[in-house]
Amino acid sequence: MTGWVKIVGLGPGADELVTPQVSDALAAASDVIGYTPYVARVAPRAGLTLHPSDNRVELDRARHALTLAAQGHRVAVVSSGDPGVFAMASALFEALEQGPTHWRDLHIEVLPGITAMLAAAARAGAPLGHDFCAINLSDNLKPWALIEKRLRLAVEGDFAMAFYNPRSKSRPEGFARALDLLQQACGDARPVIFARAVSTPEEDIRVVPLPDAQPEMADMRTVVVVGASNTRVIDGGQRPIVYTPRSVLS
Ligand SMILES: C[S@@+](CC[C@H](N)C(=O)[O-])C[C@H]1O[C@@H](n2cnc3c(N)ncnc32)[C@H](O)[C@@H]1O
């Protein structure tokens, strides 16, 4: 039998935000590999082997997937959101590049999902309606100095910004430093959206002006969206609507 690897995005949480293409891949898979909470989102069934694993073992997971596929297994590697956004697709290709040449003959596909910043933006209105950037605030895989440089340049370029992995229990000080930098560098009251557990029963969306943003408003289930200088908050009746206009006047 011909094996394959499909690196699939499960979306932000809600079942209806999983694409039909990803559902089909999961239905056809013989094996599901991924971080334990994401594998837990796949219903067990006869003929399907689930391989949950710990955080921070992405390369081991990727090699496992490629090894199984080379043996003829049909492997779905699961990520939350989109697999190409701070997730397993890059890890899989790192393993592929470093691995035996016969892995290059495997059928490998990346199946997109709805990434957290887009799900959060949709809840708030359209804060990413003009130019924006996404920054992973975790310093596990890059130095903190680079994060600060990118933050400063994103402010200088007047991008709206989406921050993934804002704050973990083990390094809460990083997000406090990031907020401090933004408050100093922006010097205005642009809106900040703290979107927690979007599309799950625990969803919580909070919009505050940048000077009022506090580090403890985020945790690792939160994506934080900071507006550009022209991002607006308008009264939407039931809730504030945050949007960034499509144009910037010259
Ligand atoms: C390792 S990254 C994975 C990102 C994922 N691949 C994506 O495209 O959304 C994990 C981070 O994504 C964000 N995140 C993932 N799901 C989320 C959700 N439902 N609501 C808010 N943020 C979420 C959080 O910032 C979290 O710390």
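1. How far is an oxygen atom of the ligand from a polar backbone atom of M220? In this predicted model, the separation between the ligand oxygen and the polar backbone atom of M220 is 2.6 Å. With the protein in place, 89% of the ligand's accessible area is covered, out of the 570 Å² that the ligand has on its own.

2. Two further backbone contacts can be listed. At V85, a backbone N or O atom lies 2.8 Å from a nitrogen atom of the ligand. At N165, a polar backbone atom is 3.0 Å from an oxygen atom of the ligand.

3. The shell around the ligand holds 19 residues, and those that come nearest are D82, V85, T115, M220 and T222. Both V85 and M220 thus reappear from the points above, being among the residues that come nearest. Sorted by class, the shell has 12 nonpolar residues, 5 polar residues and 2 charged residues.

4. On the domain layout, the assignment for the protein chain gives domain 1 as 4–114 and domain 2 as 117–243. The contact between the domains takes 8 residues from domain 1 and 9 residues from domain 2. Taken over C-alpha atoms, the centres of domain 1 and domain 2 are 28 Å apart.

5. Where does the ligand lie with respect to domain 1 and domain 2? The ligand lies between them, because domain 1 (4–114) and domain 2 (117–243) both give residues to its shell. The space that the ligand takes is the largest pocket.

Note on methods. Residues numbered from 1 in each chain as written. Predicted model: local features only at pLDDT ≥ 70, side-chain atom pairs only at ≥ 80, totals over all residues. Heavy atoms only, no water. Near = heavy atom within 4 Å. Polar contact = N/O pair within 3.5 Å; in protein donor to acceptor, adjacent residues only side chain to side chain. Areas by Shrake-Rupley, 256 points an atom, 1.4 Å probe, with all protein chains shown as cover. 1 Å grid on protein atoms, 1.4 Å probe; cavity = no way out; pocket = protein on both sides within 12 Å on 5 of 7 lines; lining within 4 Å. Sits in = over half its atoms within 2 Å of the grid points. Nonpolar A, V, L, I, M, F, W, Y, C, P; charged D, E, K, R; others polar. Domains from an automatic or database assignment. Contact = heavy atoms within 4.5 Å.
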